[in-house]
Amino acid sequence: MHDIRFIRDHPEAFDAGLKKRNLPPLAAELLAIDKRRRAAISESEAAQARRKALSRQIGIAKAKGEPAEALMEEVANLEASLKKGEAEAQRLDEELTRRLEVLPNLPFDDVPDGTDETGNVEIRRVGNQRNFAFTPKDHVVLGEATGEMDFAAASKISGSRFVFLKNRLAKLERAIAQFMLDLHTSEEGGYTEVNPPFLVRDNAAYGVGQLPRFAEEMFHTDNGFWLIPTAEVPLTNLVNDTVLDEKDLPLRFTAWTPCFRSEAGAAGKDTRGMIRQHQFPKVELVSITTPEQSAAEHERMTARAEEVLKRLGIAFRTIVLCGGDMSPASRKTFDIEVWLPGQNAYREISSCSNCGDYQARRMGARYRPKEGKGTRFVHTLNGSGLAVGRTLIAVLENYQNEDGSVTIPEALRPYMGGLATIPGPVARK
RNA sequence: GGAGAGGUGGCCGAGCGGUCGAAGGCGGCGGUUUGCUAAACCGUUAUACGGGGUAAACCCGUAUCGAGGGUUCGAAUCCCUUCCUCUCCGCCA
């Protein structure tokens, strides 16, 4: 949600931000509505002030036992214009909100221009892509060969975009999630572990900007709940409708949850394997900060997500998304892309966004500054730390051996009961 | 699912239809006292929007007592609808 006063004071900056989003300028149009809105408010409030004063006089007159008919008649005469003025002010206010709430957040100046993913800019590469002495298989071949990754069974029960993991792979997925949570909740990580609800109401989905824009991307129950598409929804809403103390900021939350996405509009995209599922586990990171802290917190959060892949010893690159590829709530987004030898490509495994005060305004999440009066909106940030399903894919594909077995990265072995290798199909016979 | 209770300021908690933005307490802030801290005492302390003002301080106005309607000259207070929370019973992981 945008602040109309910001638009009033910086119309050209607002339009420049929209341009980065590949949208036409709107400041002039919005300010015209705002102008009429403010005029209507002034007019309506003046009438209300008159009524209030008269009613007070009526009260005083009646208390004294004096006649008040003349005063009451005067109020009655106000009634029609009063009702009309109030309705007009409300109508214009709602119109403005309706226009503002669907607009995306303004990208920071250092966000690159672009209309789609081709405009994204790589900012670093970490680790070396592994050299294979054989042709690496993708995770589907590896997993199905051992029977521990079963798409056929899942499709019988739930249709496409679901999977059964069994035995070592089921355990490996859990190990990965535990490893991530332990890292993020360590002293160095600084996040507080949270186990949130997976079903949320409209207002929570609205607060982070999922509604009204992305209703078709989420699963909905017939009694009104939304299945969370990411733990960002419950974690960020932890501070909705609250006034925090500056001394308590930043707040850092992490959660391991399933994420549910209808993937409407992704028909035919990544239909093979576990890359894009209706349900996938993810470890999420959310930070609540002051406006001054948010840029540094954004770098920190991204670094914490990268740390997972560093410790797993898997190559990745980090890119900054261009204005046209960022999610609407974000002012700046870093994507971490992991090297997948089975696809011979870097694929998104994390997305870390600084949402500025966009979500805070929608949620009513404020804080009291140490200095000065009043309250200010907090800044909210969220990032994957990491997508667990895709991390599983990355481990399988990067640590595979020629016989189809998979070496377990050192960092995960404590979570696998010390197991060093998931045996391949031949070894099982 | 059945039966009840309740939603008031950062938090807790009062509130006969008329000067209630709302008693009191806690917390916060400022001060007095104090070797320091604590305690005590005094004062102060809501938010949003509109207007004015030096985009400060501040001033004026309006709204806000879960939300939305209604009654009334006037509603935190009465009526209706709705959402939410809690308690007990039943059922259940």
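This section describes the second largest pocket and the largest cavity of a predicted model.

The second largest pocket encloses about 290 Å³ of space. Its lining comprises 17 residues, of which D3, F6, R331, D357 and R361 lie closest to the pocket centre. By residue class, the lining of this pocket consists of 6 charged, 6 nonpolar and 5 polar residues. Two helices, α1 (4–9) and α11 (358–363), are each represented in the lining by at least two residues. Of the elements that contribute to the second largest pocket, α1 gives the most, supplying 4 residues. Both domain 1 (4–101) and domain 2 (117–428) take part in the lining of the second largest pocket, each with at least three residues.

Enclosed space was examined as well. A single cavity was counted at the threshold of 30 Å³ or more. The largest cavity holds about 70 Å³ of space. It is lined by 12 residues, and those closest to its centre are L142, T146, L169, V406 and I422. Helix α5 (residues 139–146) accounts for the largest share of this lining, with 3 residues. The lining of the largest cavity divides into 6 nonpolar, 4 polar and 2 charged residues.

In summary, the lining of the second largest pocket draws on domain 1 and domain 2, with α1 as the element that gives the most residues, while helix α5 provides the largest share of the lining of the largest cavity.

Conventions
Residues numbered from 1 in each chain as written. Chains lettered and ligands numbered in written order. Predicted model: local features only at pLDDT ≥ 70, side-chain atom pairs only at ≥ 80, totals over all residues. Heavy atoms only, no water. 1 Å grid on protein atoms, 1.4 Å probe; cavity = no way out; pocket = protein on both sides within 12 Å on 5 of 7 lines; lining within 4 Å. Points joined across faces, edges and corners; volume = space filled by probe spheres on them. Nonpolar A, V, L, I, M, F, W, Y, C, P; charged D, E, K, R; others polar. Domains from an automatic or database assignment.
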